[in-house]
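User: Please take a close look at a single part of this model, and set out where the residues concerned sit, how accessible they are and what lies around them.

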Amino acid sequence: MRLIHSFTHWLDSIDPDKGWFLHRVLVPFIVTRLCWLVTAFYAVGNYLPNPTYQRYVDRGFYMSKVFLLDIFTRWDSAQYLTIIKGGYAPSADLRTQYSNIAFFPLYPYLVKSIGWLGVTLPDGFYVAFGLLLSNLFFLAGAVLLYRLTIQEFHFSPGAAAAAIGLLMVFPTGFIFSCFYTESLFFFLTVLCFTLAFQSRWGWAALTAGLLLVTRAQGLVVWGILFVFYLERSGWSIRRIRPDIGSLILSPIGLAAHLYHLFRLTGEPLAPFVAMTAWGRANTSILSNLWENVSSPVLDVFKIDLIFSLLFIAVSLVILVKWPQKSIGLLVVALSVMPIASGLLVSASRYLLLVFPVFMYLGARLEKSRLYDPLRAVLFTLQIVYFAGWVNYYWIV
């Protein structure tokens with residue numbers, strides 16, 4: 001009871017409106033997910049599934065026979081499950097053949113839970129537990145984002161609510177409830193900068209270390225964290241304290257992971273080498289982009305390009321206008337990275353992690369007549385995306 005009381009008191013300290021968590025986070029969270037369930041029940045069997053993956057349709061599931069769980073598992077989910085069940089397994093050629101080496105370990109290692117004790121657990125347990133973690137991490141990240149928007153960036157509660165509202169209905173937002181790493185990375189990134197704003201550098205460094213073993217973008221966050229530290233120190237060498245050493249130690253976990261994979265593969269940078277097989281290290285960026293958008297139909301790749309260009313434009317505005325230039329650099333880097341390889345596959349999923357863009361748009365749109373129509377358009381697209389996702393189309 002004391003823990004619940006302390007948590008409630010902390011929530012009340014964020015916003016004087018004591019019902020903000022219920023009305024601005026929890027209710028939209030529940031409503032959107034109920035809409036996805038309705039969409040999935042209707043879409044499966046009524047829409048033509050992707051014929052390339054007819055084998056999953058014939059089998060009746062992708063990773064779990066439980067429909068309510070399985071609709072939140074597709075594509076990369078299977079790679080994380082292989083890590084949980086059998087560890088990392090290199091392919092014959094990391095550069096040309098798919099392998100789970102390209103995927104980072106924190107999320108699957110957390111999902112494995114008591115499996116580390118040698119207990120044999122069914123796949124269904126891992127799927128259910130992984131989905132539970134994803135949803136909890138997203139809710140925690142949304143609360144921290146609300147707090148960060150108000151208390152550190154000094155926007156209004158209305159702007160914070162609008163930012164959360166846009167994040168909830170972003171077309172690929174359903175991935176936050178899937179067997180993917182987005183929720184964990186989102187939570188850790190917002191937590192990292194929350195701690196950095198409070199100058200709690202030891203904890204911020206630890207969080208950055210966790211980010212480094214969650215996704216490759218963790219390297220960007222860690223690098224920007226140094227810039228943020230120097231910025232908070234007024235760019236004065238005299239004001240640099242020994243606590244910067246904790247940031248230097250952040251990659252210890254990543255180094256241990258790289259060493260483990262080096263023992264398996266002989267490649268010092270095995271995850272990054274393995275990404276080439278998944279198309280994330282191409283050199284012909286412009287030609288690859290043109291190939292993605294040159295078809296005559298309006299497909300998900302063109303929509304993702306539109307979102308990418310929008311985020312890049314907003315990120316440049318943030319870089320110019322916001323006083324925290326380190327945050328601006330973070331936003332620019334995370335906005336450019338999704339298309340930096342020349343691919344548009346999953347670009348809008350990666351954009352979900354660029355949380356300052358949602359803060360900026362929330363602040364600009366909180367009192368605008370465009371806010372509700374924009375949310376309606378985004379949510380409609382989200383429903384269409386989710387219908388494609390459950391029918392095995394490569395949406396994210």
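Analyst:
**A close look at Ser 308, Gln 382 and Arg 369**

Ser 308 lies within helix α16, which covers residues 300-321, in what is a predicted model. With a relative accessible area of 0%, Ser 308 is classed as buried, because that class takes in values under 20%. Once the neighbours within four places in sequence are set aside, the residues in contact with Ser 308 are Ile 339, Ala 347 and Leu 351.

Gln 382 belongs to helix α20, which spans residues 371-390. Gln 382 is likewise buried, its relative accessible area being 0%. The side chain of Gln 382 forms a polar contact with the side chain of Trp 36, at 2.9 Å, and Trp 36 also appears among the residues that Gln 382 touches when those up to four places away in sequence are not counted. The other residues touched by Gln 382 on that basis are Met 168, Val 169, Phe 170, Pro 171, Gly 173 and Phe 174.

Arg 369 is placed in the loop that runs between α19 (355-365) and α20 (371-390). Its relative accessibility is 82%, and Arg 369 therefore counts as exposed, the cut-off for that class being over 50%. As for its position relative to another part of the chain, the C-alpha atom of Arg 369 is separated by 29 Å from that of Ser 177, a residue 192 positions apart from Arg 369 along the chain.

Taken together, Ser 308 in helix α16 is buried and Gln 382 in helix α20 is buried, whereas Arg 369, in the loop before α20, is exposed.

Technical notes:
Residues are numbered from 1 along each chain as its sequence is written. This is a predicted model: local features need pLDDT of at least 70, side-chain atom pairs count only at pLDDT 80 or more; totals for chains, interfaces and linings use all residues. Side-chain values use heavy atoms; hydrogens and water are left out. Helices (H or I, at least four residues) and strands (E, at least two) are DSSP runs, numbered from the N terminus. Buried means under 20% relative accessible area, exposed over 50%, partly exposed in between (1.4 Å probe, protein chains only). A polar contact is a pair of N or O atoms within 3.5 Å; within protein, one must be able to donate a hydrogen and the other to accept it, and residues adjacent in sequence count only if both atoms are side-chain atoms. Contact means heavy atoms within 4.5 Å.
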